[in-house]
Amino acid sequence: MIKISPSILNVKENDLENKIKSLDNSGADYIHIDVMDGHYVDNTSFGVETIKKIRKVTSKILDVHLMVKPVQHHIDDYIEAGSDIISFHPEADENSLNIIKYINQSEVNSGIAIHPEINIEKFEHLLPLVKQVIVMTVIPGFGGQQFMENQVYKIGKLNEIRKNKNYKYKIEVDGGINNTNKDSCINNGVDILAVGSYLLSKDKTEYTNIINSLR
Ligand code: DX5
Ligand code: ZN
């Protein structure tokens, strides 16, 4: 069954607790938390304190997507804040291999996120070590952008690699997901849909139906 990871990037800080509880009650599997530092991307967004706050109001899997550069010196904070999965962009830090090994030694699962301008081959050596690979279908930086259909082949490729090599990672797609493009992702082997504006722009009474319709 496809898992749904609502991205709360556009939720106002004072509305977070409410929204998280509604998503939790509506059958979301994960909560996708986009962390931006103003270096890897121009914007800034949530940080460690927000993750701690969210951890207090839900027991759902916290799917933390770091868009930060460099990465290494943040990692302990994000582990301790209560993340369940920490994914980062490997090109943002020269120590990506060590960072993955470090996360794997903790209670937290590691993941990598593939920027639309990056080829999977560049980070193929990391694939046996991670629990999750995020295929980005928008340029990282903000929510509400249009889905890049030309990235979907990466989902298929990652699916093929894991079958051939017996790797264990899950594949998540992130960016512009809605009910018209989710099927091409699912047909290519995706496991998790990160969904931002398509879900969060709706009234909370609609969350359950939308989440179910995306699976
Ligand atoms: C983009 C973020 C995504 C995004 C998802 O930098 O990583 O998680 O906010 O939101 P939508 O679904 O609106 O593209
Ligand atoms: Zn994200």
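A polar contact is a pair of N or O atoms within 3.5 Å; within protein, one must be able to donate a hydrogen and the other to accept it, and residues adjacent in sequence count only if both atoms are side-chain atoms. The model is predicted, so that local features need pLDDT of at least 70 and side-chain atom pairs count only at pLDDT 80 or more, while totals for chains, interfaces and linings use all residues. Residues are numbered from 1 along each chain as its sequence is written, chains are lettered from A and ligands numbered from 1 in the order in which they are written, and side-chain values use heavy atoms, with hydrogens and water left out.

**Exercise 1.** Find the polar contacts of ligand 1 with Gly196, Asp34 and His32, and state how much of the ligand the protein buries.

*Solution.* Begin at the backbone, where a polar atom of Gly196 lies 2.8 Å from an oxygen atom of ligand 1. Turn next to the side chains: an N or O atom of Asp34 is 2.8 Å from a ligand oxygen, and one of His32 is 3.3 Å from a ligand oxygen. Finally, ligand 1 taken alone exposes 380 Å², of which the protein buries 99% (accessible areas come from the Shrake-Rupley method with a 1.4 Å probe; for residues, only the protein chains shown count as cover).

**Exercise 2.** Describe the shell around ligand 1 by residue class and by strand.

*Solution.* The ligand is surrounded by 19 residues, each with a heavy atom within 4 Å of it. They divide into seven nonpolar, 10 polar and two charged, with Gly counted among the polar ones. Strand 2 (30-36) and strand 3 (61-67) each supply at least two shell residues, and strand 2 gives the most, with three (strands are DSSP runs of E, at least two residues, and helices runs of H or I, at least four, numbered from the N terminus).

**Exercise 3.** Locate the two partners of the salt bridge between Asp24 and Lys60.

*Solution.* A salt bridge is a side-chain nitrogen of Lys or Arg within 4 Å of a carboxyl oxygen of Asp or Glu, and the closest N and O atoms of Asp24 and Lys60 are 3.2 Å apart. Asp24 belongs to helix 1 (residues 16-25), whereas Lys60, 36 residues away, lies in the loop between helix 2 (48-57) and strand 3.
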